[in-house]
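Thanks for coming. I will walk through one chain today, starting with a single residue and then widening out to the whole.

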Amino acid sequence: MKKKFLLLLSILVIGPILVYKYINQGHRIISEETASYTINAKKLLEDFIKDVSSTQEKYLNKTIEVSGTITAKDAHSVTLDNIIFCSLSNPTKVALNTPITIKGRCIGFDDLLEEVKLDQCTIKN
């Protein structure tokens, strides 16, 4: 009886602590992480079009560096080669038609627009 009580008590004490720590994990700082992959924008799109599921498994939620030419921009985002949408962490001024490398977290592929999406992006050059 005493063992069951101690087991129940330890579960009631340790369980909420573990749940709290799991829920309140520190957030990732993508700009400080090392990129898992470095790839060209067109090659990245080709990989997604060939096989979405295996490419998502490879790149999804990973820090990657993508090279391409800026084809669209606004205050908080840029688009590389009309196929990679990058949401910037900090607003920056960049010129259209400029070759650039961007580091960010791959958040998926929009098959309707045929566009790969990155967030928390920073400009490398």
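**Aspartate 74 and its surroundings**

The side chains of aspartate 74 and serine 77 are joined by a polar contact of 2.8 Å. Before I go further, please keep in mind that this is a predicted model.

Aspartate 74 sits in strand E2, which covers residues 63-74. The side chain of aspartate 74 also reaches a backbone atom, the nitrogen of histidine 76, at 2.9 Å. So the aspartate 74 side chain has a polar contact with the side chain of serine 77 and one with the backbone of histidine 76. Is aspartate 74 buried, exposed or partly exposed? Aspartate 74 counts as partly exposed, because its relative accessibility is 47%, and the cut-off for exposed is over 50%. As for what lies further along the chain, the C-alpha atoms of aspartate 74 and lysine 93 are 8.8 Å apart, with their places 19 residues apart in the numbering.

**Along strand E2**

Let me stay on this strand and go back to two threonines. Threonine 71 is placed in strand E2, and threonine 69 lies there too.

Take threonine 71. Which backbone nitrogen does the side chain of threonine 71 reach? The answer is that of asparagine 82, at 2.9 Å. Setting aside neighbours within four places in sequence, the contacts of threonine 71 are Thr79, Leu80, Asp81, Asn82 and Leu96. Threonine 71 is partly exposed, because its relative accessibility is 29%, and buried would mean under 20%. For a sense of distance, the C-alpha atoms of threonine 71 and valine 19 are separated by 44 Å, and the two are 52 residues apart along the chain.

Now threonine 69. At 28% relative accessibility, threonine 69 is partly exposed. With neighbours within four places left out, threonine 69 is in contact with Thr79, Leu80, Asp81, Asn97, Thr98 and Pro99. The C-alpha of threonine 98, one of those partners, lies 5.3 Å from the C-alpha of threonine 69, although the two residues are 29 apart along the chain.

**The nonpolar core**

Strand E2 also brings us to the core. The largest nonpolar core has 23 residues, and those touching the most other members are Leu44, Val66, Leu80, Ile84, Cys86, Val116 and Leu118. At least two residues of this core come from each of helix H2 (41-50), E2, strand E3 (77-80), strand E4 (84-88), strand E5 (99-110) and strand E6 (115-123). In soluble globular proteins, nonpolar side chains tend to be buried together.

Which residues does valine 66 contact, apart from its neighbours within four places in sequence? They are Ile39, Asn40, Ala41, Leu44, Leu80, Ile84, Ile100, Thr101, Ile102 and Leu118.

**Two loop residues**

Two residues deserve a mention for their backbone angles. Asparagine 61, in the loop between helix H3 (52-59) and E2, has a phi near 65 degrees, a positive value in a residue other than glycine. Asparagine 61 is partly exposed, with a relative accessible area of 39%.

Glutamate 114, in the loop between E5 and E6, has a phi near 50 degrees, again a positive value in a residue other than glycine. Glutamate 114 counts as partly exposed, because its relative accessibility is 42%.

**The chain as a whole**

Now the wider view. The chain holds three helices and six strands, and from the N terminus on the order is α-β-α-α-β-β-β-β-β.

How does the radius of gyration of the chain stand against that of a compact globule of 125 residues? The chain has 21 Å, while such a globule would have a value near 14 Å. Along its principal axes, the C-alpha trace spans about 75 × 35 × 25 Å.

Buried residues account for 33% of the 125 in the chain. The exposed area is about 8,400 Å², with 58% of it supplied by carbon and sulfur atoms. Of the contacts between residues at least 6 apart in sequence, 59% join residues at least 24 apart.

Finally, confidence. The mean pLDDT of the chain is 90, and 100% of the residues reach 70 or more. Among the elements, strand E1 (residues 37-40) has the highest mean pLDDT, 96, and helix H1 (residues 2-23) has the lowest, 81.

Definitions and conventions:
Residues are numbered from 1 along each chain as its sequence is written. This is a predicted model: local features need pLDDT of at least 70, side-chain atom pairs count only at pLDDT 80 or more; totals for chains, interfaces and linings use all residues. Side-chain values use heavy atoms; hydrogens and water are left out. Helices (H or I, at least four residues) and strands (E, at least two) are DSSP runs, numbered from the N terminus. Buried means under 20% relative accessible area, exposed over 50%, partly exposed in between (1.4 Å probe, protein chains only). A polar contact is a pair of N or O atoms within 3.5 Å; within protein, one must be able to donate a hydrogen and the other to accept it, and residues adjacent in sequence count only if both atoms are side-chain atoms. A nonpolar core is a set of buried Ala, Val, Leu, Ile, Met, Phe, Trp, Tyr and Cys residues joined through side-chain atoms within 4.5 Å. Contact means heavy atoms within 4.5 Å. pLDDT is the predictor's confidence in each residue, from 0 to 100. The radius of gyration is taken over C-alpha atoms; the globule rule is 2.2 Å times the number of residues to the power 0.38. Accessible areas come from the Shrake-Rupley method with a 1.4 Å probe; for residues, only the protein chains shown count as cover.
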